[in-house]
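Biologist: Please take a close look at one part of this model, the packing of its helices, and then follow the same region on to the pockets.

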Amino acid sequence: MFSQDDLKRAVAKAAIEYVPVDSIVGVGTGSTANFFIDELAKIKHKIRAAVASSEASAKRLQGHGIEVLSLNDAGDIPVYVDGADEITRHLHMVKGGGGALTREKIVAASSKKFICVCDASKLVDVLGNFPLPIEVIPMARSYIAREVVKLGGRPKLREGFTTDNGNIILDVHDLQIMNPVELEAALNQLAGVVTNGLFARHGADVLLLGMPDGVKTMTA
Ligand code: 5RP
């Protein structure tokens, strides 16, 4: 019987195949990304460095003796490897369960290929069952919450949490996201929104999905 961690470990191992020799690797955040970091450590002599999407991932990479560059010093990155909270067959995602969505979106945008690593539980037909995180400038909290209600969502402040960028997170419940590309753009238009956790306009390029009978590869 495979545990969820076994599936995460399997996709993390599979993602190593996508890392070019002598490259700077974009690294995501979360428990699946942590397995990837541990796999990356095994081939650290074959890569140049990493760019991390959170302080937590940077610390874990450095703990393994992998050099962490700031994105501004890295230039274009060939691959970014990260998990997701939900993903569809179109490779649209909800991310940000760990609160790192803004840096994740920035590093992903600077990368040629997004390799998403997930256990099978993350694959869904429609996004929204997992509350959609929105990173918000603190003074805009109530305004954004009211706007989100108009869009049919039920926003909840992530209590006691501050992002690496010093902002707050509103987790939006009760959304059935039929058109993720449109909703991503609409939320980004609201003054005070830093980033929302929809990765639809630029989704993943490859999904490595951990199933009990092996790792399934899906492309957009
Ligand atoms: C963090 C994220 C993670 O990728 C997402 O929460 C999935 O995490 P995990 O691999 O622990 O299930 O977006 O901000």
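**Helix packing and the pockets**

Modeller: In this predicted model, α2 and α3 are roughly parallel to each other, because their axes cross at roughly 25° and an angle under 35 degrees counts as roughly parallel. The axes of these two helices come within 10 Å, and the crossing in which α2 passes α3 is right-handed. On the α2 side the contact is made by N34, I37, D38 and L40, which meet S57, R60 and L61 in α3. Sorted by class, the residues of this contact of α2 with α3 comprise three nonpolar, two polar and two charged.

Helix α2, which spans residues 31-42, also packs against helix α1, residues 4-15, and here the angle is about 45° with the axes 8 Å apart. That angle makes α1 oblique to α2, and the crossing of α1 and α2 is again described as right-handed. From α1, the residues D5, K8, R9, V11, A12, K13 and A15 take part, and they meet S31, T32, F35, F36, E39 and K42 in α2. The contact of α1 with α2 has, by class, five nonpolar, two polar and six charged residues.

From α3 one can go on to the second largest pocket, since α3 (55-63) is listed with β2 (49-52) and α5 as the elements that give two or more residues to its lining. The volume of this second largest pocket is about 210 Å³. It is lined by 14 residues, and those nearest its centre are V51, A52, S53, L71 and R103. Helix α5 gives the most to this lining, with three residues, and the lining as a whole has eight nonpolar, four polar and two charged residues by class.

Helix α5 leads in turn to the largest pocket, which has a volume of about 300 Å³. Sixteen residues line the largest pocket, and K105, A109, R201, H202 and G203 are the closest to its centre. The elements that give two or more residues to the lining of the largest pocket are α5 (101-109), β6 (111-119) and α7 (180-188). In this lining, six residues are nonpolar, four are polar and six are charged.

Conventions. Residues numbered from 1 in each chain as written. Predicted model: local features only at pLDDT ≥ 70, side-chain atom pairs only at ≥ 80, totals over all residues. Heavy atoms only, no water. Axes fitted to C-alpha atoms, helices over the stretch in contact; angles between N-to-C directions. Helix = DSSP H or I, 4+ residues; strand = E, 2+ residues; numbered from the N terminus. Parallel < 35°, antiparallel > 145°, perpendicular 65-115°, else oblique. Left-handed = near helix turned anticlockwise from the far one by under 90°. Contact = heavy atoms within 4.5 Å. Nonpolar A, V, L, I, M, F, W, Y, C, P; charged D, E, K, R; others polar. 1 Å grid on protein atoms, 1.4 Å probe; cavity = no way out; pocket = protein on both sides within 12 Å on 5 of 7 lines; lining within 4 Å. Points joined across faces, edges and corners; volume = space filled by probe spheres on them.
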